[in-house]
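Please read this report with the sequence and the structure side by side. It takes up a backbone detail, then a sheet and its helices, and lastly the aromatic rings.

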Amino acid sequence: EGCRDLLPESPGKYLVYNGDLVEYDADHMAQIQRVHAFLMNDCLLVATALPNRRGAYRYDALYPLDGLAVVNVKDNPPMKDMFKLLMFPESRIFQAENAKIKKEWLEVLEETKRNRALSEKRRLEQEALPRPVPTPPESTNPFEEDEEEEEEEEPSAEEEVVDLSLEWIQELPEDLDVCIAQRDFEGAVDLLDKLNEYLGDKPASQPVKELRAKVDERVRQLTDVLVFELSPDRSLRGGPRATRRAVSQLIRLGQSTKACELFLKNRAAAVQTAIRQLRIEGATLLYIHKLCHVFFTSLLETAREFETDFAGNNGCYAFSKQVFDSKESLSTAAECVKVAKEHCKQLSEIGLDLTFIIHALLVKDIKGALQSYKDIIIEATKHRNSEEMWRKMNLMTPEALGKLREEMRSCGVGNFDQYTGDDCWVNLSYTVVAFTKQTMAFLEEALKLYFPELHMVLLESLVEIILVAVQHVDYSLRCEQDPEKKAFIRQNASFLYETVLPVVEKRFEEGVGKPAKQLQDLRNASRLMRVNPESTTSVV
């Protein structure tokens, strides 16, 4: 009953196999109903028996064979003689009367599917042929088509590289079905990890793609079951720990965001349920005691469980990945962090201060960015030092000189004019000028990224950068024998010690809020009057 319009009479449709089956729930393995399945040459019809009418059935479902996958379910008492039908996005599990009948179902289903696919392929090939086509003499060979198909299906050399004949790979889809049916989530994800590790960077041949397609269907099923475990509709007893299994496996499947969202929804529902169950006491104080206990205890337990479940996964995921993993420049990273800080400041105006959370989540990434950029500056400075000729700069045009004056003014060097000469000359080395601009730019960007937790990182980076420059000047001053060049080196050293280093100290103190003794000691230890003219080794 109910399938007359679904099964129109056609000359090509016929019954292949049929029999009684028992359907089980895919999640809980509880018996659902008895059914009778009719396998046609192009579809499978499932029907339920009509009560009090022997041999009569009512339509339940119809599945085209080209969208149907058949999976053997390993015997694992009390689960015996079962097989699964996968019809995206759903699946159904049936039990045969005995092992012999189950084997017949599996064989006849696979054979019928193959025959269906083969006939469809032939039909498409016939339609694709240009008409009319003269029949060549050799087409009378009745085995030709089979030979061509065998040649087409001959695996390429690349496909033969991946060995999928291993027993555990052959049984993987069935093992995944068993794990999902038995709610062995950890076992299922372990199998998936093992497969991903084995395939690794192996070529995506056709057999591999087919295996991946089978496995991906199980991954979707597993994800759906885990999502259901975390849904507020499930039992909320057991506290936050009851969600740990599902959360941890979702994270391993790469579904951290979904796991986080569902975990918080689950706990919100639990708190709301607990509050609704509170009795409204006549004594206000007693009721408030109970209310606060429910809410704040639940909040504390949820926070602790969140830290446990998402250890190593917490953080500003999108922010960090976009800003720091994409290798943006330090100035871009600094502006991005500055924007985040400004928004945190707006929230603090209404009593919600998230600044300390932003600090904690970004401190590792910012530390890495500062140290990376410090290394770049040091390498660039060493390269310029290796090519140092100790010559005055000739900027050629007044416009270029004016631009350099403005750059130095923006760096905080207010007395730069005393180092300019006639026409477009500058009485400083290109190396020292470039070092000054690069160091001050680094300091400005670093101060935008500054958190108290990064104080020593920034300070030590600055000291390392400055040491490269002052050691070079100190060493050059000791080694140079030409009196004229030596005087020029002293002028550059004076610019570094008396102008640049005080500017760095002042700007650091303004940005951080306190002076840096390390910078003061560095400047004081680098005074020219303390240089031993007989030594050729730097004392810095």
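Which residue just after α7 takes a positive phi? In this predicted model, Gly 254 is that residue, with a phi of about 80 degrees.

Helix α7 itself spans residues 244-252, and its buried residues are Ala 246, Val 247, Gln 249, Leu 250 and Ile 251. These buried residues pack against four helices, namely α5, α6, α8 (256-276) and α9 (284-309). One of these partners, helix α6 (residues 206-230), also lies across strands β5, β6 (82-87) and β7, where α6 runs at about 95 degrees to β6.

The strands just named belong to an open sheet of seven strands in the order β4-β3-β2-β1-β7-β6-β5, with antiparallel pairing. Because β4 (57-64) and β5 (69-73) stand at the edges and each has a single partner strand, one side of each is left without a neighbour in the sheet. Neighbouring strands of this sheet are turned against each other by 35 degrees on average, direction ignored. Within the sheet, strand β1 (residues 15-24) and strand β7 (residues 90-95) run antiparallel and are joined by three bridges, and Val 22 stands opposite Gln 95 in β7.

The aromatic rings can be taken next. The model has eight aromatic pairs, counting rings whose centres lie within 6.5 Å, and two of the pairs are set out below.

| Pair | Centre to centre | Angle between planes | Arrangement |
|---|---|---|---|
| Trp 168 and Tyr 198 | 5.7 Å | 85 degrees | edge-to-face |
| Phe 295 and Phe 296 | 5.0 Å | 85 degrees | edge-to-face |

Why does the pair of Trp 168 and Tyr 198 tie together parts that are 30 residues apart in sequence? The reason is that Trp 168 lies in helix α3 (residues 167-170), whereas Tyr 198 lies in helix α5 (residues 185-199). Trp 168 counts as partly exposed, at 22% relative accessibility, and Tyr 198 likewise counts as partly exposed, at 22%. The ring of Trp 168 has a further neighbour, since the charged end of Lys 194 sits over this ring, 4.4 Å from its centre.

In the other tabulated pair, Phe 295 counts as partly exposed, at 37% relative accessibility. Elsewhere, Tyr 17, Phe 83, Phe 94 and Trp 105 form one aromatic cluster.

Technical notes:
Residues numbered from 1 in each chain as written. Predicted model: local features only at pLDDT ≥ 70, side-chain atom pairs only at ≥ 80, totals over all residues. Heavy atoms only, no water. Phe/Tyr/Trp six-rings, centres within 6.5 Å; stacked < 30°, edge-to-face > 60°. Helix = DSSP H or I, 4+ residues; strand = E, 2+ residues; numbered from the N terminus. Buried < 20%, exposed > 50% of the residue type's maximum accessible area, 1.4 Å probe, protein only. Lys NZ or Arg CZ within 6 Å of the ring centre and 35° of its normal. Pairing = 2+ DSSP bridges. Axes fitted to C-alpha atoms, helices over the stretch in contact; angles between N-to-C directions. Contact = heavy atoms within 4.5 Å.
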